[in-house]
Amino acid sequence: MNSESVDLVITQIARTLFRQPDLVLTDDLTAKDVQGWDSLNHVNFIIQIEEELGIRFRNDEVAQLVNVGQLKKLANEKVQNLSN
Amino acid sequence: MQSKNGFVSAYRFAVLNLLALWLVFGSTVAVTSLGTSFAVWAGLCGIQKTKSSSYSKWAPFFGTLLIVIVLMFFIFYKKHFDAVVLGEINPSETSGIGSMFQIVSTISFSYVTIRIFDLIRGVTWGQEKLINPVALSGYLAPFHMLIAGPISSYHNYVKMDLIKQQSPTVEHILRCANTITTGLLFKVVFAQSILIFRFGVDNTFEVLNFTDACLLFLYLYFDFGGYSLVALGVGRLLGVPTPINFDKPFLSKSVTEFWGRWHVSLGAFVKNNIYWPIQFWIARRVKSPKLVESLSLASMCASFSAVAIWHRLTPRFFIWGVATSVVMLLEKYVQDWIMSRSIPTREFISKIGIFFGPVYTLTLIVLTIWYLSFELANI
C-alpha cells in the first residue's frame with residue numbers, strides 16, 4: 001500500500017467518524033480544529049486506522065502525535081515496515 | 001536539525017538548575033532534588049538493563065513495581081503534607097519518616113511524583129533513553145517550575161540535546177520578558193488585590209456565596225496563571241521545554257473543554273498516562289462503539305479521581321473527581337446528539353454555543369470551586 005492510499009484511508013475514516021464529508025486533513029491540522037475530535041474519538045480514530053491498515057500504534061507514539069501530518073507519517077512508516 | 005532559541009543542553013541546564021536551586025531555595029532543596037534524581041535513576045537503570053537482557057519480558061513488571069513504590073510513598077507523603085497544611089500536624093514536631101516527608105516537600109514532591117511517573121512510563125514502556133542522574137535532576141526539579149509546575153514531559157526534555165542550539169535574539173528575549181512581566185502582573189497585582197480586599201492576607205478563603213466563589217476562581221486563575229506565565233517566560237529564555245498551563249479557559253463551551261484549557265500540563269499528563277491507556281485497553285476489546293463510550297466513564301473516573309487525590313487526599317475532592325467525570329460523559333452524549341444533526345443545525349448550535357457555552361461552563365466550575373473552597377486553602 002503506498003502513502004497516497006494510506007492517507008486516503010485515514011481521510012475516509014476521519015470523514016466518517018467526525019461526520020464531515022468534506023473534511024480535508026492537512027498536515028498541520030490538529031484535534032482542536034475539528035468539531036467532535038475529543039479524546040474519546042481520538043481513541044476511536046486511532047483504532048479504526050489500526051484495523052483498516054493492519055498496524056498497531058504504541059501508546060507513547062500516540063501521546064507524541066502533535067498533528068495529522070505526524071499521524072500520516074507514522075502510519076505510513078508502520079505500513080512500509082509491514083510490507084518489508 | 002531544527003534550530004530554536006536557547007543556549008543550554010539538558011546536562012548544562014541541570015548544573016545551572018542545581019546552582020539556581022541552591023541560591024534561591026537553599027542547599028536542602030538542591031541536595032534533595034539531586035538525591036531524588038539519583039534514587040529514581042538507580043531504579044530505572046535496573047529496568048533498562050532488564051529490557052536489554054534475556055529477561056526483557058520482566059521489564060513491565062519491574063516498571064509497575066517501581067510505580068507502586070513511588071505511589072505508596074506519594075500517598076503517605078500526601079497524607080502528611082495535607083495534615084501539615086490543614087494544621088493537624090506541627091512540622092517542627094515531626095521526626096523520622098515525617099522529617100523525610102518534610103524534606104521532600106521542599107521540592108514540591110507532588111509535581112516531582114508526576115514527572116517520575118512520566119519518566120518511568122517513557123523508559124519502561126516507551127523508547128525513551130535514560131539520561132544521567134545529574135541531567136535528570138534538571139527534569140525532575142527544575143527551579144523555574146519547582147513551586148507549582150507546569151509539568152513538562154520527559155520526552156520533550158531529552159529532545160533538548162537533539163536540537164541545534166542558537167543564541168537568543170533580542171526579539172526572543174523581549175517576548176520572554178513580556179511573558180514574565182505579564183505573569184507578574186497577574187500574580188502580584190491582580191491576584192493579590194483579590195486576596196487582600198476580599199479574603200484577607202491570612203488566606204482564609206471563606207466563601208459565603210456565589211460571588212465569593214467567583215472571586216476565588218478569579219484569584220486562582222490570576223495566581224496560578226500568573227506564576228505559570230513567569231515559569232513559561234523563564235523556560236523559553238533558557239531554551240528549556242516549558243509547557244503552557246492556561247489556554248484561555250474562560251472561552252470554554254463545556255466542562256470537557258475547560259479541563260483541556262485549565263492546568264493544561266497536568267491534563268496532558270493524565271490523558272497520556274491514565275485516560276488513554278485505559279481507554280485504548282477498553283476500545284481494543286469491546287467492539288460495540290456505544291458500550292465503549294459508556295465505559296469511557298471508567299477511564300474518566302480514574303483520571304479525575306487521580307487528579308482529585310493528587311490535589312487533596314480527601315473524600316470531598318474524590319467526589320468532585322467522580323462528579324466531573326459524570327458531567328463530561330453527559331456532555332459527550334449531548335455532543336453525539338449534536339453531531340447527528342444536519343450540518344446547518346450543527347453550525348447554528350455552534351454559534352449560540354459561543355455565548356451560552358461559557359456561561360454554562362463557568363457557572364458549573366464556580367459551583368465546584370465553592371464546593372471545594374473549604375479545602376482549597378494553601379493548595
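**Exercise 1. Determine how α8 and α9 of chain B pack against each other in this predicted model.**

*Solution.* The crossing of α8(B) and α9(B) is left-handed. Next, consider the geometry of the pair: helix α8 covers residues 170-199 of chain B and helix α9 covers residues 210-238 of chain B. Their axes come within 7 Å and cross at roughly 155 degrees. Angles over 145 degrees count as roughly antiparallel. α8(B) is therefore roughly antiparallel to α9(B). Finally, sort the residues of this contact by class: 22 are nonpolar, seven are polar and five are charged.

**Exercise 2. Describe the packing of α2 and α3 of chain B, and state which residues make the contact.**

*Solution.* Two packed helices are described by the angle between their axes and the distance between the axes. Step one is to take these two values. For helix α2 (residues 27-51) and helix α3 (residues 59-85) of chain B, the axes come within 9 Å and the crossing is at roughly 165 degrees. Step two is to assign the orientation: α2(B) and α3(B) are therefore roughly antiparallel to each other. Step three is the handedness, and here α2(B) passes α3(B) in a left-handed crossing. Step four is to list the contact. From α2(B) come B:Gly43, B:Leu44, B:Ile47, B:Thr50 and B:Lys51, while α3(B) provides B:Ala59, B:Phe62, B:Gly63 and B:Leu66. By class, these residues are five nonpolar, three polar and one charged.

**Exercise 3. Establish the orientation and handedness of α11 and α12 of chain B.**

*Solution.* Begin with the axes of α11(B) and α12(B), which lie 9 Å apart at an angle of about 150 degrees. The two helices are therefore roughly antiparallel to each other. The handedness follows as a separate step: α11(B) passes α12(B) in a right-handed crossing. Among the contact residues on α11(B) are B:Leu266, B:Val270, B:Ile274 and B:Tyr275; on α12(B) they include B:Val292, B:Leu295, B:Met300 and B:Trp310. The contact of α11(B) with α12(B) has 14 nonpolar residues, five polar ones and no charged ones.

**Exercise 4. Characterise the second largest pocket by its volume and its lining.**

*Solution.* Rolling a probe the size of a water molecule over the atoms shows where empty space is left. For the second largest pocket, this space amounts to about 960 Å³. Next, count the lining, which consists of 32 residues. B:Ile67, B:Arg121, B:Asn273, B:Ile274 and B:Pro277 lie nearest the centre of the pocket. Then assign the lining to helices. At least two residues each come from α3 (59-63) of chain A and from α3, α5 (109-124), α11 (264-283) and α12 (289-311) of chain B. The largest share, 10 residues, is that of α11(B). Sorted by class, the lining has 20 nonpolar, six polar and six charged residues.

**Exercise 5. Locate the cis peptide bond at B:Pro150 and the positive phi of A:Arg19.**

*Solution.* In chain B, the cis peptide bond joins B:Gly149 and B:Pro150, with omega about 0 degrees. B:Pro150 belongs to the loop between α6 (133-140) and α7 (154-158) of chain B. In chain A, the residue to find is A:Arg19, which is not a glycine but has a positive phi of about 55 degrees. A:Arg19 is placed in the loop between α1 (3-17) and α2 (39-53) of chain A.

Methods. Residues numbered from 1 in each chain as written. Chains lettered and ligands numbered in written order. Predicted model: local features only at pLDDT ≥ 70, side-chain atom pairs only at ≥ 80, totals over all residues. Heavy atoms only, no water. Axes fitted to C-alpha atoms, helices over the stretch in contact; angles between N-to-C directions. Helix = DSSP H or I, 4+ residues; strand = E, 2+ residues; numbered from the N terminus. Parallel < 35°, antiparallel > 145°, perpendicular 65-115°, else oblique. Left-handed = near helix turned anticlockwise from the far one by under 90°. Contact = heavy atoms within 4.5 Å. Nonpolar A, V, L, I, M, F, W, Y, C, P; charged D, E, K, R; others polar. 1 Å grid on protein atoms, 1.4 Å probe; cavity = no way out; pocket = protein on both sides within 12 Å on 5 of 7 lines; lining within 4 Å. Points joined across faces, edges and corners; volume = space filled by probe spheres on them.
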